[in-house]
Amino acid sequence: MKRNRAVRLFTWGLGGVLLGVALAVLVLNIVARTRTGHEFVLQRTLRALGKGLNGGQLHVDRIDGNLFEGAKLYGVSLKDRQGRAFVLADSAYLDYDVKTLLSPRIHITRATLYEPEVYVFKLPGDSLWNYQAIFAAAPNQRDTTKRVERVTLLDTLRMIDGVVRVQNVWKPDSTLSARAQQAEIAAALSDTSVVLVNRVGGGYIRTMNFRRMNGRLSRVRFAPGTRSGSRIHVDSLRTEAQIFRQPVQLHHSQGTIALLKGHIEFDVPVVRLRNSLLATSGVVRSDSFPRWFNPAEAPMYDVAFRTDSVDFGDLRWLYKRFPEDAAGRLSLRIESRPGGTMFLARNADVRAPGTHITGSFGMQVGDTLRFMDVALKAEPVRVSTIERMLPEGLPVRGLQLGGAEIRGAP
């Protein structure tokens, strides 16, 4: 009897505890939907997401939602200490586990950003990129003990109608005379310049714009300043990219991007342009250059393109002298080298009106034009088509009805 009574008391006690917990959860759930609850959610969310922001400040105008289900944030802004924006968003939705707000490793299962604006820059006089400064460790923070890295993990991230702007310091070639440098500055600031250069306090900056960005990212690891850096898996992304003055429409892309200190690594096996399908991989450096590279010519490229179906009109943003009426297949390597940028094409099979070119060729574009590793066969060949591709043209004119074979070293 005593045993049965003890079991009944334990059962009633356990039931009371569970009922109390359920009522507490219900009360918290109701409170979390009230204005007071929203303020609580806002403060906890900002406190959690703001961890590690030693060089910046996160601000949210208001918040809706439930602490247990996620939150809808309105008027989101992340700025540096000078009040310069890094991220602005009309609104954002975050779906997370409530336990993540208590951990230095924030885990967000689903996030959607509406009309976000992202500004990444390193201006004259800055020693760090703005996002590096915002997430830098506190001056008095030491690594004498093993710490858990502050990392934000997102399972999926959707971006709707976003804008990304990247700005870096631009300088004229320091090896030129003062007069030649002034001429180079005037050319860079003109409306016909290949790159977008503007004058700012203390010098000049080059700008790259990515507009109307829509897509979905997954397995996002955002951890600037850590050894492993940040990593993004692109499931689907489309945008208008203005890397040079002439923009290009990126209709679809898939791949992986790693944001490391001073450079970006990428492997994108699917890139669909207007009339072309290609794959690309490589490294683009924005800092930590080798001694021979002129920082004024940044970024520094080591990029490869591979395609079985390319319309050269889609590549005119990269090199404006590519003929619009040419198409074919090739592997293209673009590499920054002492003296200029190298374009090295392998296994090319290119057709244009009156011209069919097969083989391999390379050229380095800088102060002078150099050809290298040329092994081309053209049958037939229209000289005017070749001439349009070269900065200085050819010292010949006319139409070659037969064929030509060209081989040569640098």
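Buried means under 20% relative accessible area, exposed over 50%, and partly exposed in between. The exercises below apply these words to a predicted model.

**Exercise 1. Classify the members of an aromatic pair**

Task: Decide whether Phe293 is buried or exposed, and describe the ring pair that Phe293 forms with Phe289.

Solution. Begin with Phe293, whose relative accessible area is 5%, so that this residue is buried. Next take Phe289, which at 22% relative accessibility counts as partly exposed, because the buried class requires a value under 20%. A pair of aromatic rings is described by the distance of the centres and the angle of the planes. For Phe289 and Phe293 the centres are 4.9 Å apart and the planes stand at 40° to each other, which is a tilted pair. As a last step, look for further members: Phe289, Trp292 and Phe293 form one aromatic cluster.

**Exercise 2. A pair between two strands**

Task: State how many aromatic pairs the structure holds, and work out which arrangement the rings of Trp170 and Tyr204 adopt.

Solution. The structure holds 6 aromatic pairs. In one of them, the ring centres of Trp170 and Tyr204 lie 6.0 Å apart with the planes at 90°, so the arrangement is edge-to-face, since planes over 60 degrees apart fall into that class. This pair links distant parts of the chain, for Trp170 belongs to strand E6 (residues 151-170) and Tyr204 to strand E8, 34 residues apart. Now check the accessibility of each partner: Trp170 has 8% and counts as buried, and Tyr204, with a relative accessible area of 15%, is buried too.

**Exercise 3. Follow the strand pairing**

Task: Find which strands are joined to E14, and how they run.

Solution. Start with strand E13 (residues 277-285), which is joined by 9 bridges to strand E14 (residues 300-311), the two running antiparallel. Within this pairing, Leu277 stands opposite Ser309 in E14. Then turn to strand E15 (residues 327-337), which is joined to E14 by 8 bridges and also runs antiparallel to it. Here Val303 has Ile334 of E15 as its bridge partner.

**Exercise 4. Positive phi angles**

Task: Compare where Glu115 and Arg219 are found, and decide which exposure class each belongs to.

Solution. Glu115 is not a glycine, yet its phi is positive, at about 50°. Its place is the loop between strand E4 (105-114) and strand E5 (117-122), and with a relative accessible area of 47% Glu115 is partly exposed. Arg219 likewise has a positive phi of about 50° without being a glycine, but Arg219 is found in strand E8 (residues 203-222). At 56% relative accessibility Arg219 counts as exposed, because this value is over 50%.

**Exercise 5. Surroundings of single residues**

Task: Which residues does Ser77 touch, apart from those up to four places away in sequence, and where is Tyr93 placed?

Solution. First locate Ser77, which is in strand E2 (residues 70-80) and is buried, with a relative accessible area of 13%. Leaving out residues up to four places away in sequence, Ser77 touches Gln57, Leu58, His59, Val87 and Leu88. Then move to Tyr93, which is placed in strand E3 (residues 85-96) and, at 22% relative accessibility, counts as partly exposed. The C-alpha atoms of Tyr93 and Ala111 are separated by 5.4 Å, although the two residues are 18 residues apart along the chain. Finally, for a charge placed over a ring, look at Arg62, which lies over the face of Tyr74 at 4.0 Å from the ring centre.

Definitions and conventions:
Residues are numbered from 1 along each chain as its sequence is written. This is a predicted model: local features need pLDDT of at least 70, side-chain atom pairs count only at pLDDT 80 or more; totals for chains, interfaces and linings use all residues. Side-chain values use heavy atoms; hydrogens and water are left out. Two strands pair if DSSP finds at least two bridges between them. Helices (H or I, at least four residues) and strands (E, at least two) are DSSP runs, numbered from the N terminus. Buried means under 20% relative accessible area, exposed over 50%, partly exposed in between (1.4 Å probe, protein chains only). Rings of Phe, Tyr and Trp (its six-membered ring) pair if their centres lie within 6.5 Å; planes under 30 degrees apart count as stacked, over 60 as edge-to-face and the rest as tilted. A charge sits over a ring if NZ of Lys or CZ of Arg is within 6 Å of the ring centre and within 35 degrees of the ring normal. Contact means heavy atoms within 4.5 Å.
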